[in-house]
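Reader: I'd like to go through this one with you and check the labels one by one. Can we start with the picture?

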Amino acid sequence: MSIRDDFIGIASRALRTHRGADSVTVSGVRPSPAGPLVQWAAPLLSWERERRPLPGGGSVLGPPGGALLLTVLARFMACRWRSGPPHAAPTWAEDLAARHPRIFGFPPSSHAGWSWLWEAGAELITENGIPRGFQTTDTKEKFGTLRWDIQASECADYADSIVDCMDHLSAFICEYCGAPGFLRKGSWVKSECSAHAQGKPAFKAEEA
């Protein structure tokens, strides 16, 4: 699979319920300081969360804005392919914490496939300004998706939005290698590609 194909495969699943998802186009991949960056356009996708009505009245917030999801996904792909074909060192978590000491006070906890997702989040938060008092309080996998608990002493809306995007995208990225994946049934729910699933079926909603 190519960078472009992986991006499209993950994006199509992650945006399945987003209005305007059919407006997404990918024109190519260009070199950038962040790594090979997918060039995309989505004129009908919102940057903001949708508020969806409930049948009995009221409303509920939908998933993160589609345009922001694609921004985080493009950075994930750039991080994954930055040094050539994807390969995570055994010490990736310790190395990541050392590169981003203001973001991670301890190594993130997950399998290596999400290493580039943690990296993408740390870079985007840093580039947009680390909120005062920013602190990571927990990192983990739970119910098949990435969880990153943060706190800050000032408004951290952008950081919170990036974290929400990472959580959402992780359901479509193999935790073991970073390839496109599905949430799989089993003793433990895991997001896995076909190679790492070893025959475990995906949830039907994920296959649709």
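Author: What follows is a set of questions about labels in this predicted model, each answered from its values.

Reader: Why is the pair of Phe104 and Trp118 called edge-to-face?

Author: The ring centres lie 6.2 Å apart, and a pair needs them within 6.5 Å. The planes stand at 85°, and over 60 degrees counts as edge-to-face, so that's the label the pair gets. Phe104 sits in the loop between α3 (92-99) and α4 (115-127), while Trp118 is in helix α4, 14 residues apart, so the pair links distant parts of the chain.

Reader: And what makes the pair of Phe104 and Trp148 stacked?

Author: Here the centres are 5.1 Å apart, with 25° between the planes. Stacked asks for planes under 30 degrees apart, so the label fits. Trp148 belongs to strand β6 (residues 145-151) and Phe104 to the loop, so this pair ties together parts 44 residues apart in sequence.

Reader: What do the ring pairs link Phe104, Trp118 and Trp148 into?

Author: A cluster. The count of aromatic pairs comes to three.

Reader: How do you know whether Phe104, Trp118 and Trp148 are buried or exposed?

Author: Buried means under 20% relative accessible area. Phe104 is at 2%, Trp118 at 0% and Trp148 at 5%, so each of these rings belongs to a buried residue.

Reader: Where does the charged end of Arg13 sit?

Author: Over the ring of Phe182, 4.0 Å from the ring centre. The distance cut-off is 6 Å.

Reader: On to the cysteines. Why is there no bond between Cys193 and Cys177?

Author: Their sulfurs are 3.7 Å apart, and a disulfide needs them within 2.5 Å, so they're too far for a bond. Cys193 is at 8% relative accessibility, so call that residue buried. The structure holds zero disulfides. Cys155 is in none either, with its nearest cysteine sulfur, that of Cys165, 16 Å away.

Reader: What makes Cys155 exposed?

Author: Its relative accessibility is 60%, and exposed means over 50%, so Cys155 qualifies.

Reader: How do you know that the span of helix α5 agrees with what it should be?

Author: Helix α5 (residues 157-170) has 14 residues, and at 1.5 Å a residue that should span 20 Å. The end C-alpha atoms are 20 Å apart, so the two values agree. Its buried residues include Ala159, Ile162, Cys165 and Leu169. Among the elements covering the buried residues of α5 are α1 (3-14), α2 (66-80), α4 and β6.

Reader: What makes β5 and β6 a strand pair?

Author: Strand β5 (residues 135-142) and β6 share seven bridges in the antiparallel sense, and at least two are needed. One bridge joins Thr139 to Trp148, the Trp that stacks with Phe104. The two strands form a hairpin with two residues between them, and Phe143 in the turn has a positive phi of about 55°.

Reader: How many bridges pair β1 with β2?

Author: Five, again antiparallel, between β1 (residues 25-30) and β2 (residues 37-41). Val26 stands opposite Trp40 of β2. This hairpin has six residues between the strands, and Gly35 takes a positive phi near 125°.

Technical notes:
Residues are numbered from 1 along each chain as its sequence is written. This is a predicted model: local features need pLDDT of at least 70, side-chain atom pairs count only at pLDDT 80 or more; totals for chains, interfaces and linings use all residues. Side-chain values use heavy atoms; hydrogens and water are left out. Rings of Phe, Tyr and Trp (its six-membered ring) pair if their centres lie within 6.5 Å; planes under 30 degrees apart count as stacked, over 60 as edge-to-face and the rest as tilted. Helices (H or I, at least four residues) and strands (E, at least two) are DSSP runs, numbered from the N terminus. Buried means under 20% relative accessible area, exposed over 50%, partly exposed in between (1.4 Å probe, protein chains only). A charge sits over a ring if NZ of Lys or CZ of Arg is within 6 Å of the ring centre and within 35 degrees of the ring normal. The expected span of a helix is 1.5 Å times one less than its number of residues. Contact means heavy atoms within 4.5 Å.
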